[in-house]
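User: Please take a close look at one part of this model, the packing of a helix and the surroundings of that helix. Explain each term as it comes up, for a reader in the first year of study.

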Amino acid sequence: MAAPGENLRIDGQRLWDSLMDMAKIGPGVAGGNNRQTLTDADAEGRALFQSWCEAAGCTMGLDQMGNMFAQRAGTDPDALPVYVGSHLDTQPTGGKYDGVLGVLGGLEILRTLNDLDVKTKHPIVVTNFTNEEGTRFAPAMLSSGVFAGIHTQDWAYAKTDAEGKTFGDELARIGWRGDEEVGARQMHAFFELHIEQGPILEAEGKDIGVVTHGQGLSWTQITVTGKDAHTGSTPMPMRKNAGLGMARILEKVDEIAWSHAPHAVGAAGHIDVYPNSRNVIPGQVVFTVDFRSPDLSVIEDMEARLKVEAQKICDDMGLEVEFEKVGGFDPVAFDEGCVTAVRNAAERLGYSHMDLISGAGHDACWVNRVAPTAMVMCPCVDGLSHNEAEEITKEWAAAGADVLLHAVVETAEIVG
């Protein structure tokens with residue numbers, strides 16, 4: 001298929017203005033955004049996105065998980081659409097670009113093609129997936145998971161937030177539950193633009209990350225039980241300190257991850273200590289160990305070693321320990337054809353680039369199960385994300401969207 005000319009580029013200022021306009025909805029307390037899924041702010045952001053899509057001449061589809069699909073027609077009614085997108089929901093203290101850049105970058109593609117009166121054989125569809133973040137209704141990537149057949153819709157609808165409200169009820173309450181069957185759409189390909197959420201591109205001075213793989217993830221919840229007792233009057237030899245047990249286990253977590261350097265990582269992010277009082281030796285701790293690697297055998301090795309090492313530590317200290325696998329997904333290898341389209345686009349446009357492994361999960365990781373998929377990444381300042389101080393430059397955003405434009409248009413095939 002013919003490649004688009006290198007002069008085909010998006011309007012960087014228009015993309016930036018759209019990002020700033022969307023950021024006005026659900027503002028955070030420190031310059032970022034709090035537009036959590038299925039809140040009134042989410043509904044307002046969706047309405048703004050729909051209005052922009054309709055102004056660009058698109059038809060909007062909406063499925064039963066609230067996934068939005070804005071379609072620009074192709075010249076061949078029988079050709080499967082090329083999909084592009086990400087998510088509009090944010091963390092409670094989220095930035096202005098995580099997910100949003102991928103959705104509005106997709107919209108900018110359609111606007112640019114309209115401006116230049118470029119027609120494509122395949123339709124192009126811009127997607128907003130519901131609840132990618134998973135911060136209000138766990139797990140993350142919930143609706144793309146239902147779309148790809150990973151989760152059932154009933155299971156997703158029954159998920160509850162901290163106040164006991166269900167996903168299904170809240171989706172209906174904000175008015176964004178569609179009639180379309182989830183996953184019924186067939187895709188010719190799917191592309192997702194995202195900020196890196198890591199420091200590598202900026203440190204290496206590269207404009208574009210060509211994402212070849214997504215890391216697999218394993219979450220193991222560990223409960224260590226000892227005996228809560230007075231910190232001042234309990235002799236050292238008579239203590240059953242669950243907190244100390246956890247500390248020794250976490251040293252092993254770090255050691256295990258380092259043993260698979262450079263691509264494996266591991267840490268505990270969620271930690272609860274009981275009774276969590278200044279003068280009480282912890283009687284129980286519950287924490288979740290997060291291991292990630294692009295190699296499934298490495299993840300399995302880390303999981304196995306964690307259980308052996310943690311069990312030995314607790315046996316030696318007279319503590320009880322329980323393990324529960326509470327989440328995870330296998331590593332992802334993105335489609336070679338789509339990855340090549342991204343790499344070729346970066347080269348054609350003269351952007352410096354490097355291959356990347358995504359350290360975070362994305363909707364593309366699930367969509368990859370049902371359609372050829374690839375990701376484009378742009379740098380973010382200091383690799384900071386899931387933080388209101390998340391920042392990118394207008395130039396980085398434009399470069400990422402330019403590469404996305406070329407990869408999508410080449411795949412959708414220019415007509416005439």
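Analyst: The answer begins with one helix pair, then follows the chain to a loop and a pocket, and ends with other places for comparison.

The model is predicted, so local features need pLDDT of at least 70 and side-chain atom pairs count only at pLDDT 80 or more, while totals for chains, interfaces and linings use all residues. Residues are numbered from 1 along each chain as its sequence is written, and side-chain values use heavy atoms, with hydrogens and water left out.

The part in question is H8, a helix of residues 242–258 that packs against H9, residues 296–317. Helices (H or I, at least four residues) and strands (E, at least two) are DSSP runs, numbered from the N terminus. Two packed helices are described by the angle between their axes and the distance between the axes. Here the angle is about 150 degrees and the axes lie 10 Å apart. Axes are lines fitted to C-alpha atoms, for helices over the stretch in contact, and angles run from 0 to 180 degrees between N-to-C directions. H8 and H9 are therefore roughly antiparallel (over 145 degrees; under 35 is roughly parallel, 65 to 115 roughly perpendicular, and the rest oblique). Their crossing is right-handed, meaning that the near helix is turned clockwise from the far one by less than a right angle, whereas anticlockwise would be left-handed.

On the H8 side, the contact (heavy atoms within 4.5 Å) is made by Leu 244, Gly 245, Arg 248, Ile 249, Lys 252, Val 253, Ile 256 and Ala 257. H9 answers with Met 302, Arg 305, Leu 306, Glu 309, Ala 310, Ile 313, Cys 314 and Met 317. This contact has 11 nonpolar, 1 polar and 4 charged residues. In this scheme Ala, Val, Leu, Ile, Met, Phe, Trp, Tyr, Cys and Pro are nonpolar, Asp, Glu, Lys and Arg are charged, and the others, Gly among them, are polar.

Between H8 and strand S10 there is a loop that holds Pro 262. A cis peptide bond joins Ala 261 to this proline, with omega about 10 degrees. Most peptide bonds are trans.

The largest pocket contains about 1600 Å³ of space. A pocket is, on a 1 Å grid over the protein atoms alone, an open set of points where a 1.4 Å probe fits, with protein on both sides within 12 Å along at least five of seven lines; lining residues have an atom within 4 Å of a point. Of its 49 lining residues, the closest to the centre are Leu 217, Trp 219, Asp 290, Arg 292 and Gly 361. S10 (265–274) is among the strands that give two or more residues to this lining, together with S8, S12, S13 and S15. The lining divides into 20 nonpolar, 21 polar and 8 charged residues.

Other places offer a comparison. A second cis bond joins Ala 138 and Pro 139, with omega about 5 degrees, and Pro 139 sits in the loop between strand S5 and helix H4. That loop also holds Asn 131, whose phi is positive, near 55 degrees. The axes of helices H2 and H3 come within 10 Å and cross at roughly 15 degrees; H2 and H3 are therefore roughly parallel, and their crossing is left-handed.

Note on methods. Points joined across faces, edges and corners; volume = space filled by probe spheres on them.
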